[in-house]
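Let's take a friendly walk through one protein chain. Have a look at the structure first, and then we will go through its charges, its make-up and its nonpolar cores.

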Amino acid sequence: MKPTSQFDYTKRIERVIAAVADSLEHDRDLPSTATLASIANFSPFHFMRVYRALAGESLGTTVQRLRLARAAHLLAASAEPISEVSSRVGFETPQAFARAFREHFGVAPSEARAAKVATETPIVAPAPSQPRPAIRVDVVTLQPFRVVVKRTEGVYDKLDEVYRHLFEWMAKRGALEAIEGIWGVPQQDRRDTPAANYRFDSCLATSAALSAGEGVMLEDLGGGNYLRYLHEGSFDRLDESHDVIFRELPAHPEWQLRAAPILHEYLTDPEETAEADLRANIYVPVT
């Protein structure tokens, strides 16, 4: 099914939330991320990012919200010990449950039970209410291009060292003048991924004939159509610019996401450019 309106996208998000709520209600394991992506008819490559952009909150926040809503209902409707309610809705410890419950509802679970407080949670998370300015997104074709790649996990705050290693690797091979661009491939959304698990590919585009070695690989990036959006400002906020692009999807049924990674093309160097003046092109693959 091709999306043609905000309504279509809303129904897809609703299906995800309904699947999570149904699993909680029947004490089943939550569907996997891949299963939820399939339910929403989104590519697993982009599901988490699209969900956050269109629902107005991360999938993890939605799950937490639904867990707590289910817990409030159980506390009001049953005499189960709070520890059992905590376990039923997926918290590892009663202490973690009590802390999350108070943060969300403003009262302790025992107080909610005494007052027989239940809650009805909207099926769709509230989207940002402020008006969004018009943005410029170009549809471009990227011909495949060769890159040298250093694949890392859990070292985002040290990526400057990774890129420095790549430049040194190129220098040892007399290929510095063959560098044609600085690129990155974020494998996940940093906001939804523990820092130790965050995967990132640091890349240098090159026209040189090279062989892999010393932990550096050779790959091809690009090939096909992409949405291109110019990000301005701190590179730590690139994920927020992904949201900006994905929120435009309902207005453009001709933009069909493709199962390929998002690409970043860094146009300025953080070591030589003020943070406010940093620029990077974001490429989102579409058919």
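The chain carries 32 positive and 40 negative charges, and the mean positions of the two sets are 5 Å apart. Here Lys and Arg count as positive and Asp and Glu as negative, while His and the chain ends are not counted. Each charge is placed at NZ of Lys, CZ of Arg, CG of Asp or CD of Glu.

Please keep in mind that this is a predicted model, where local features need pLDDT of at least 70, side-chain atom pairs count only at pLDDT 80 or more, and totals for chains, interfaces and linings use all residues. Residues are numbered from 1 along each chain as its sequence is written, and side-chain values use heavy atoms, leaving out hydrogens and water.

Of the 287 residues, 43% are buried (under 20% relative accessible area, 1.4 Å probe, protein chains only). Now to the nonpolar cores, which are sets of buried Ala, Val, Leu, Ile, Met, Phe, Trp, Tyr and Cys residues joined through side-chain atoms within 4.5 Å.

| Core | Residues in core | Members include |
|---|---|---|
| Largest nonpolar core | 51 residues | Phe-42, Phe-47, Tyr-51, Val-148 |
| Another core | 13 residues | Val-140, Leu-142, Val-149, Leu-263 |

In the largest core, the four residues listed touch the most other members. Which partners does Phe-47 contact, leaving aside its neighbours within four places in sequence? They are Val-16, Thr-33, Leu-36, Ala-37, Ala-40, Phe-42 and Leu-59, where contact means heavy atoms within 4.5 Å.

Conventions: Buried < 20%, exposed > 50% of the residue type's maximum accessible area, 1.4 Å probe, protein only.
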